[in-house]
Amino acid sequence: MVSAYGRRFYATKPELAAHRIEAIGYQVGHQLIERYTMERPRFNDHLEVIKFICKDFWQELFKKQIDNLKTNHKGTFVLQDNNFRWLTRISIDPSSDNNDGSQGSSSEATNLLLYFPCGIIRGALSNLGIPCAVSADSSNLPFCSFMVRIKA
Amino acid sequence: MIACVAVVGHQNNPLYLQSFTGADDALKLHHIVHCSLDVIDERVNNPKRSVITLNESYLGLLYPTESYKVYGYLSNTKVKFLVVTTDLDVKDTDIRSFFRRFHAAYVDAVSNPFHVPGKKIISRIFAVRVSGIVKAFAPGTYG
């Protein structure tokens, strides 16, 4: 799906493709969270919601929990996954480092791919009443970290 | 006898309202549901710790008036489910299991990729399922 959006639909405009993929992830997260929070009692505060995302939600989606959660107690959380399931089989082209600093196609594809889980997290959190912005960092595959900034 | 069921979104926008009385009193039911929303907000914002726990989904009897009772249920995503019933004695467990089934049907309807979150639920299958749940509830004294 990601490659369809990246190469075919918006081949010349990667920002639009990224936006679209993130929006799809948003809707998916929105609907999934409704299903997964059905049996639970209601949450008391933001930290409980994030912990739910790290444990139960991640477990349902990726069959493992988030390995590390950091917060600055001011509305920013960093979720670290040591072995992000969707990136474990991505090949890294070792000859993609150019002197002029242009990105290899593999890291571009990875970036596009990462917009989808960012959208899922954003959709899940906003359906639980927490508007936020999510960004992903994958400098060291398959280790991946997602930064969640809660909009006050 | 269940008079009507309603689903209200987290901005108090109506997502679904279905009446089962046969009479043409949709407006009156809308009004009842609207008043019950205020009761829900009150319960959620000022929790009486001795009566209701903070993070319970099922809110119980909200609004008993002369001819009907309204029961409420709040999901984690701030979606409110309301049931207006004209029965005089309904067991708590019956209503709880009704809400569980209602919530399950709602989740299935919302997972439809063609459903726009925030708009009204137009799925016919959802309507059929809800009617089935209501019919199964009416004569039931078992949960």
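User: What is a nonpolar core, and which residues touch the most other members of the largest one here?
Analyst: A nonpolar core is a set of buried Ala, Val, Leu, Ile, Met, Phe, Trp, Tyr and Cys residues joined through side-chain atoms within 4.5 Å. In this predicted model, the largest such core holds 37 residues. Helix 1 (2-9), helix 2 (14-36), helix 3 (46-62) and helix 4 (105-127) of chain A are among the elements that give two or more residues to this core. Those that touch the most other members are A:Phe57, A:Leu79, A:Phe84, A:Leu125, A:Phe146 and A:Val148.

User: Leaving aside its neighbours within four places in sequence, which residues is A:Phe84 in contact with?
Analyst: A:Phe84 is among the residues that touch the most other members of the largest nonpolar core. With neighbours within four places in sequence left aside, its contacts are A:Trp58, A:Phe62, A:Leu114, A:Pro117, A:Pro142, A:Cys144 and A:Phe146.

User: Which strands stand at the edges of the sheet in chain A?
Analyst: Four strands of chain A form an open sheet with antiparallel pairing, in the order 1-2-4-3, and the twist from one strand to the next averages 20°. Each edge strand has a single partner strand, so one side of it is left without a neighbour in the sheet. The strands at the edges are strand 1 (68-71) and strand 3 of chain A.

User: Which residue in strand 2 of chain A does A:Asn68 stand opposite?
Analyst: Strand 1 and strand 2 of chain A run antiparallel and are joined by four bridges. Opposite A:Asn68, in strand 2 of chain A, stands A:Gln80.

User: At which residue does helix 3 of chain A bend, and by about how many degrees?
Analyst: Helix 3 of chain A lies across strand 1, strand 2 and strand 4 of chain A, running at about 15° to strand 2. Its 17 residues reach 22 Å from the first C-alpha to the last, which is close to the 24 Å expected at 1.5 Å a residue. The buried residues of helix 3 include A:Phe52, A:Ile53 and A:Phe57. The bend is at A:Ile53, by about 35°.

User: Is B:Asp108 buried, partly exposed or exposed, and which residues does B:Asp108 touch, not counting those up to four places away in sequence?
Analyst: B:Asp108 lies in helix 2 (residues 92-110) of chain B. Since buried means under 20% relative accessible area and exposed means over 50%, its value of 34% makes B:Asp108 partly exposed. Not counting residues up to four places away in sequence, B:Asp108 touches A:Arg35 and B:Arg129.

Notes
Residues are numbered from 1 along each chain as its sequence is written. Chains are lettered from A and ligands numbered from 1 in the order in which they are written. This is a predicted model: local features need pLDDT of at least 70, side-chain atom pairs count only at pLDDT 80 or more; totals for chains, interfaces and linings use all residues. Side-chain values use heavy atoms; hydrogens and water are left out. Buried means under 20% relative accessible area, exposed over 50%, partly exposed in between (1.4 Å probe, protein chains only). Contact means heavy atoms within 4.5 Å. Two strands pair if DSSP finds at least two bridges between them. Axes are lines fitted to C-alpha atoms, for helices over the stretch in contact, and angles run from 0 to 180 degrees between N-to-C directions. The expected span of a helix is 1.5 Å times one less than its number of residues. The bend at a residue is the angle between axes fitted to the seven residues ending there and the seven starting there.
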